[in-house]
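Reader: Could you give me a close look at one cysteine and the surroundings that lead outward from it? I would like every cut-off spelled out as you go.

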Amino acid sequence: FFSHKNEANDSADTYLVSGSNLLVPTLGISYISFDDVNCERISFDNVSECGAISYSFGTSVQEIYFPVLEYVAGTLALWGSNVTSISIPLLKECGFELGIAGTGITTLDISSLESVYSQLWIQDNSQLTDISLNSIISIGGAINFGGNALSESCVDAILVKLASLDGSNGTTELVDISIDL
């Protein structure tokens with residue numbers, strides 16, 4: 001089973017997982033938590049905005065897809081050793097923190113991400129060799145990319161992009177921010 005709170009009518013909806021897939025066809029979700037889901041693939045095909053998203057260890061989920069997610073008002077936190085694929089290609093803004101940790105992913109495309117109002121932590125993903133952060137213009141807290149297997153060229157690209165956040169050209173200056181690569 002999968003549950004979520006629907007902000008529009010303050011009710012909780014529950015979906016039954018069929019086979020190894022879960023499809024969530026609902027808009028207007030205030031909080032998604034799928035800590036006890038037992039399926040291989042979860043796809044949130046129509047969720048473009050959400051209050052917060054949480055997934056943690058203890059389930060068999062391998063693939064997590066948010067094909068149209070653009071905005072998370074609070075925290076987006078995904079961690080779990082079984083996860084080998086995370087897709088959030090249109091995410092532009094995270095209202096608090098964005099964290100992806102302890103997964104088996106090899107690449108992460110968050111190239112549409114423009115702002116994270118607090119921490120950005122993508123850490124301890126031992127197979128992760130590439131992160132795309134092409135559109136980032138604002139990070140309001142600590143940045144941690146430690147414990148990944150990032151290539152030198154990926155680290156260089158991240159550092160160059162972060163160095164461009166100097167307060168000019170409409171970017172937000174990084175002040176008193178710790179960066180762990």
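Is Cys94 buried or exposed, and what is its relative accessible area?

Author: Cys94 is buried, with a relative accessible area of 0%. Here, buried means under 20% relative accessible area, exposed means over 50%, and partly exposed is in between, computed with a 1.4 Å probe on protein chains only.

Before we go further, a word on what you are looking at. This is a predicted model, where local features need pLDDT of at least 70 and side-chain atom pairs count only at pLDDT 80 or more, while totals for chains, interfaces and linings use all residues. Residues are numbered from 1 along each chain as its sequence is written, and side-chain values use heavy atoms, with hydrogens and water left out.

Let's stay with the cysteines for a moment. Cys50 is another buried one, at a relative accessible area of 4%. If you search the whole structure for disulfides, you find zero; the criterion is a pair of cysteine sulfur atoms within 2.5 Å.

Now for a partner of Cys94. Ser115 touches Cys94, and beyond four places in sequence its contacts also take in Lys92, Glu93, Ile136 and Ser138; contact means heavy atoms within 4.5 Å. Ser115 sits in strand β14, which covers residues 115–116. With a relative accessibility of 11%, Ser115 counts as buried too. Strands and helices are DSSP runs numbered from the N terminus: E with at least two residues for a strand, H or I with at least four for a helix. By that count the protein chain has one helix and 19 strands.

Moving along the chain from Cys94, we come to Leu98. Once neighbours within four places in sequence are set aside, Leu98 is in contact with Leu76, Leu91, Leu113, Val116, Gln119, Leu120, Trp121 and Ile122. Leu98 is also one of the residues, with Ile122 and Ile131, that touch the most other members of the largest nonpolar core, which has 41 residues. The pieces supplying at least two residues each to this core are β6 (49–55), β9 (76–79), β12 (98–101), β15 (120–123) and α1 (152–163). The largest share, four residues, comes from α1. Such a core is a set of buried Ala, Val, Leu, Ile, Met, Phe, Trp, Tyr and Cys residues joined through side-chain atoms within 4.5 Å. As background, nonpolar side chains in soluble globular proteins tend to be buried together.

The helix deserves a short stop. Within α1, the buried residues are Cys154, Val155, Ile158 and Leu162. Looking down the axis of α1, they fall within an arc of 100 degrees, so they line one face of the helix; the arc is taken from the directions from the helix axis to the C-beta atoms. On the face turned away from that buried side are the exposed residues Glu152, Ser153, Val160 and Ala163.

Back in strand β12, we meet Ala101. Ala101 counts as buried, at 12% relative accessibility. Beyond its neighbours within four places in sequence, the contacts of Ala101 are Leu78, Trp79, Gly80, Trp121, Gln123, Asp124 and Asn125. The C-alpha atoms of Ala101 and Ser126 are 9.3 Å apart, with their positions 25 residues apart along the chain.

One of those contacts, Asp124, is worth a look for its backbone: its phi is positive, at about 55 degrees, although Asp124 is not a glycine. Asp124 lies in the loop between β15 and β16 (130–132) and counts as partly exposed at 46% relative accessibility.

Finally, the aromatic rings. There are two aromatic pairs in the structure. Phe44 and Phe66 are stacked, with 4.6 Å centre to centre and 5 degrees between the planes. Both Phe44 and Phe66 are buried. Trp79 and Trp121 make a tilted pair, at 6.3 Å centre to centre and 45 degrees between the planes. Trp79 belongs to strand β9 and Trp121 to strand β15, so this pair ties together parts that are 42 residues apart in sequence. Trp79 is partly exposed at a relative accessible area of 27%, whereas Trp121 is buried at 15%. For the pairing rule, rings of Phe, Tyr and Trp (its six-membered ring) pair if their centres lie within 6.5 Å; planes under 30 degrees apart are stacked, over 60 edge-to-face, and the rest tilted.
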